[in-house]
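Biologist: Got a minute to walk through this model with me? I have a handful of questions about how its pieces sit together.

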Amino acid sequence: MTMASATTELTGRKVTVLGLARSGISAARLLQVVGAEVTVADTKPETELTEAVTRIDRTAVTLRLGAGYESALAGADLVVISPGVPTRLPALNEVRQRGVPVIGELELASRFVTAPIVAVTGTNGKSTTVTLAGRFLERSGTKTFVGGNLGTPLSDAALAFVQAEGRHEVPPYEYVVAEVSSFQLETIERFRPWVSALLNMTTDHLDRYDSFDDYVEAKARIFENQTPVDHAVLNFEDAGVVRLRPRVRASVLGFSRTARPEAGVWLEGSRVMAAVGGRSEEICRREDIRAPGAHNLANAMAAIAIGLLCDCSVDVIRRVLGTFPGLEHALELVRERNGVRFVNDSKGTNVDATVKALESLEEPILWIAGGRDKGADFSLLREPVRRRVKRAILIGEAAPRIRAALSGFDPVSQAGTLRDAVHLAAREAATGDVVLLSPACASFDMFADYQDRGRQFKELVNDLP
């Protein structure tokens, strides 16, 4: 589909954007520019959306908030939903029954992006891999958009392409690197990345999906529209990812720390090797990768495969890997105090991420965890906690469930607030210990999001005398 035909499809059409989050606001702006008649709706009342409403041009769009949101769906020719809106919402089922398409912001935006799209999904590691791949491209002098589910919505990039086309200018980006979530992939129709990457598949979001298989099916849609001229980067160590390989029509590159793929990236002793485009070469030594942990080695391998597909030089890739410390809120060292390291892993919002965090640290751990349960199997934490943790300090709604799942592990405390947890950990920690915030849960019981939780943790730690 060309940009012109995508625009023609929407000009003059009544489009409702459901969900006044960052991506919904971005989608509304894109739709306005291409000539749609836009209504923005949200199930929350305006009193809970004050900041978001200020970002909407109320003279150009119609707002329907709170109990009246369903009226915004009645006359729509198309409905665009934000990732946080459940696709099985009864009001949306009624829309579909009338034959009205329901798509997501990712699908909408992709129709206006004319540069190759690199899309990265998986349970964990998406943001790190996207950030690394983006830096490889940017440091190579390539104009690159980095965003999607991470940070800036894809509709912002799409809008830049539309505006450049309208001014007869060269496209604003040569590559678009996007983190994509299972929620976003649920609502695609034509979305076709030139490079897709599936990093891993572990249990998550069972508060949204009926089963793990349903979650896998959503993730697998990233390959749905790819052809043999496209590329898929797959984690050959992950059984769930490997199980999907027969469904992939794109050219496959694997990455693995334990075996050599025919094409892709692997570990050979302490050397990170790659075979992309027919020739094998050493990229770097394992110890040259600054971001800590075995999981970040896997993320780096996926990013290397992407970078080489996009013609980044090995020298650039090596320099970036040697200087990139990791993301904020992902095993981020906050402070060392009296011989105790305080580490912020607020991005560890599921059990698998927390297991990886626990296993990446060699010191005795005082572990702060808990939050809103997403249907996780906390019993998977029992063995790594037994081996690595000196004391568990639990907070939030899920604290009782985590405590029950750790049956047989005695040093467990419950704290009423994150402040209480930090102060308790600081009192009990001895020289050589690590205080680790890695919640294994969503943040929404006590915080705005995982970033808010991580920043509050850092403030509390830095305020310790």
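Modeller: Sure, what follows is a round of questions and answers on this structure, which is a predicted model.

Biologist: Let's begin with a sheet. Which strands sit at the edges of the open sheet of 5 strands?

Modeller: The order in that sheet is E3-E2-E1-E4-E5, with parallel pairing. An edge strand pairs on one side only. The edges are therefore strand E3 (62-65) and strand E5 (102-104).

Biologist: And which residue in E3 stands opposite Val40?

Modeller: Strand E2 (residues 37-42) runs parallel to E3, and 4 bridges join them. Opposite Val40, in E3, you'll find Leu63.

Biologist: Now Glu107: is it buried or exposed?

Modeller: Glu107 belongs to helix H6 (residues 105-110). It also touches Thr187, Ile188, Glu189, Arg190 and Phe191, leaving aside residues up to four places away in sequence. Its relative accessibility is 0%, and the cut-off is under 20%, so Glu107 counts as buried.

Biologist: Which side chain makes a polar contact with the side chain of Glu107?

Modeller: The contact has a distance of 2.9 Å. The partner is the side chain of Arg111.

Biologist: On to helix H8. How far apart are its end C-alpha atoms?

Modeller: H8 covers residues 154-166, which makes 13 residues. At 1.5 Å a residue they should span 18 Å, and the model agrees with that: the ends are 19 Å apart.

Biologist: What do the buried residues of H8 pack against?

Modeller: Among the buried residues are Leu154, Leu159, Phe161 and Val162. Past the helix comes His168, with a positive phi near 60°. As for the packing, the partners are helix H1 (3-10), helix H2 (22-33), H6, strand E7 (144-148) and strand E8 (175-179).

Biologist: Strand E12 next. Which residue takes a positive phi in the hairpin of E12 and E13?

Modeller: E12 (residues 264-268) has 4 of its 5 residues buried. It pairs with strand E13 (residues 271-275) in the antiparallel sense over 5 bridges, with Glu268 opposite Arg271. The hairpin has 2 residues between the strands, and the one with phi near 65° is Gly269.

Biologist: What about the other neighbour: which residue in E12 is the bridge partner of Phe255?

Modeller: Here the pairing is parallel, with 3 bridges joining strand E11 (residues 251-256) to E12. The partner of Phe255 is Val265.

Biologist: Over to helix H18. Within what arc do its buried residues fall?

Modeller: H18 (residues 450-462) reaches 18 Å from its first C-alpha to its last, close to the expected value. Its buried residues are Arg453, Gly454, Phe457, Lys458, Leu460 and Val461. Looking down the axis, they line one face of the helix, because they fall within an arc of 165°.

Biologist: At the start of H18, which backbone nitrogen does a side-chain oxygen of Asp449 reach?

Modeller: That oxygen comes to within 3.2 Å of its target. The nitrogen belongs to Gln451.

Biologist: Last one: what is the relative accessible area of Gly408?

Modeller: Gly408 is in the loop between helix H16 (399-405) and strand E19 (412-414). Its C-alpha is separated by 8.6 Å from that of Arg382, 26 residues apart along the chain. Exposed means over 50%, and Gly408 is exposed, with a value of 77%.

Conventions: Residues are numbered from 1 along each chain as its sequence is written. This is a predicted model: local features need pLDDT of at least 70, side-chain atom pairs count only at pLDDT 80 or more; totals for chains, interfaces and linings use all residues. Side-chain values use heavy atoms; hydrogens and water are left out. Buried means under 20% relative accessible area, exposed over 50%, partly exposed in between (1.4 Å probe, protein chains only). A polar contact is a pair of N or O atoms within 3.5 Å; within protein, one must be able to donate a hydrogen and the other to accept it, and residues adjacent in sequence count only if both atoms are side-chain atoms. Contact means heavy atoms within 4.5 Å. Two strands pair if DSSP finds at least two bridges between them. The expected span of a helix is 1.5 Å times one less than its number of residues. The arc is that of the directions from the helix axis to the C-beta atoms.
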